[in-house]
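Open the structure in your viewer and keep the selection panel at hand. The stops below say what to select next and what is there.

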Amino acid sequence: MLCGRTNVNKFLVEEQRRNPALIGDVSMLISDVVRSCKAIGQGVSRGSLAGVLGDEGSRNVQGEVQKKLDVLANQAFLHHCEWGGHLRAMASEEMEDIHPIPAEHPRGNYLLVFDPLDGSSNIDVNLSVGSIFSVLRCPDHASAQPPTAADFLQCGSRQVAAGYAIYGPSTMLVLTVGNGTHGFTLNRDIGEFLLTHPDLAISPDTREFAINASNERFWEPPVQRYVAECLQGKSGVRGKDFNMRWVASMVAEVHRILMRGGVFMYPRDSKDLSKPGRLRLLYEANPMAMIVVQAGGQASTGDERILDVQPTSLHQRVPVILGSRNEVERIERYHREHASGEDQPFRSPLFSTRTLFRDD
Ligand code: F6P
């Protein structure tokens with residue numbers, strides 16, 4: 001493939017020839033998803049000129065404030081993906097229940113799950129946001145029945161394809177159909193995503209981590225230990241200095257990790273015990289895990305591989321730790337050592353006020 005000359009459709013046709021299990025529907029479905037992302041990217045880039053910034057005045061199923069663009073992006077996915085005849089149903093962060101394909105359109109054998117505008121709290125401050133999607137097969141036993149939410153409750157390892165679009169300085173699409181992870185850049189002159197980053201590979205080691213450090217007091221000890229050791233830098237057990245980043249947009253964090261390595265963590269915390277993490281399994285953690293694993297990285301809850309988690313509900317949340325393989329495996333080891341009582345006591349340097357010289 002000539003880098004920069006292969007558009008996403010040609011790429012998908014070639015992938016299909018390589019892997020006949022990827023029947024034509026998948027590439028045509030992804031083309032519909034790509035059209036949704038182009039439309040959303042255009043709205044994002046026009047911002048105030050298109051009157052699309054600001055709050056919608058409603059809340060989604062998670063109780064989060066919906067931005068106007070959240071709602072428009074959700075409509076774009078429904079509009080571009082429901083008529084093609086490839087899907088049985090869709091589910092999204094912005095809809096409480098699944099969206100079965102309306103009776104006027106033919107129904108296919110795939111399910112599409114998406115977060116239409118991830119990181120949307122960044123939209124009004126003109127920072128990178130993105131759309132995340134995952135494609136699943138409709139379970140065989142369900143193909144004669146009307147689709148239900150239970151059809152979507154499949155482990156991430158069963159995803160057929162996953163990807164995201166990032167609306168940043170340039171608009172990019174990152175995609176996997178189970179044969180590596182590949183990046184395409186939107187050429188606005190011809191309206192096509194062109195292959196610019198074939199076979200992305202995440203370096204196994206890194207000196208960069210990303211976490212919302214304001215939650216430090218709520219993290220579990222293995223994560224506190226990992227971050228504390230990174231912050232100790234050269235003088236600590238890691239023997240090297242680390243850099244920290246936090247964009248508050250998962251798509252942007254994962255994209256940075258694909259480009260130059262790193263670890264992203266939104267771990268379990270005790271802030272709200274009803275939520276075992278912040279990110280959603282089906283349309284955030286699973287697609288990102290597939291993308292990262294296909295690029296040679298690793299994705300874990302700390303206790304198990306994200307792709308092995310059996311979903312129990314559509315909007316389920318999970319702890320997410322993903323990126324450079326050796327770092328993710330180290331954090332998993334810290335979880336195991338903590339569970340078995342083997343980990344060493346440590347002191348967090350982040351917000352600690354106690355010192356050797358004070359007796360409080
Ligand atoms: O809803 C998901 C999300 O916006 C992610 O894109 C991002 O990583 C995270 O939430 C930001 O969380 P916080 O508001 O705690 O920084």
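Select Phe-184: with a relative accessibility of 0%, this residue counts as buried, a word used for under 20% relative accessible area, where over 50% is exposed and anything in between partly exposed (1.4 Å probe, protein chains only). This is a predicted model, in which local features need pLDDT of at least 70 and side-chain atom pairs count only at pLDDT 80 or more, while totals for chains, interfaces and linings use all residues. Residues are numbered from 1 along each chain as its sequence is written, and side-chain values use heavy atoms, with hydrogens and water left out.

Now add Phe-11, which is also buried, at 1% relative accessible area. The structure holds six aromatic pairs, meaning rings of Phe, Tyr and Trp (its six-membered ring) with centres within 6.5 Å; planes under 30 degrees apart are stacked, over 60 edge-to-face, and the rest tilted. Phe-11 and Phe-184 make an edge-to-face pair, with 5.1 Å between centres and 80° between planes. Phe-11 belongs to helix α1 (residues 8–18) and Phe-184 to strand β9 (residues 182–187), so many steps along the chain as 173 residues separate them.Helices here are DSSP runs of H or I with at least four residues, strands are runs of E with at least two, and both are numbered from the N terminus.

Next, select strand β3 (residues 87–92). Is it enclosed or open? Six of its six residues are buried, so β3 is largely enclosed by the rest of the structure. β3 pairs with strand β5 (residues 110–118) in the parallel sense over five bridges, pairing being at least two DSSP bridges between two strands. Ala-89 has Leu-111 as its bridge partner in β5. With strand β4 (residues 99–100), β3 pairs in the antiparallel sense over two bridges, and Met-90 stands opposite His-99 there. A hairpin of six residues joins β3 to β4.

Last, show the ligand. Of the 13 residues around it (a heavy atom within 4 Å), Asp-118, Asn-212, Trp-246, Met-250 and Tyr-266 come nearest. Polar contacts are pairs of N or O atoms within 3.5 Å; within protein, one must be able to donate a hydrogen and the other to accept it, and residues adjacent in sequence count only if both atoms are side-chain atoms. Ligand oxygen atoms lie 3.0 Å from an N or O atom in the Trp-246 side chain and 2.7 Å from a polar backbone atom of Met-250. Trp-246 also forms one aromatic cluster with Phe-264 and Tyr-266.
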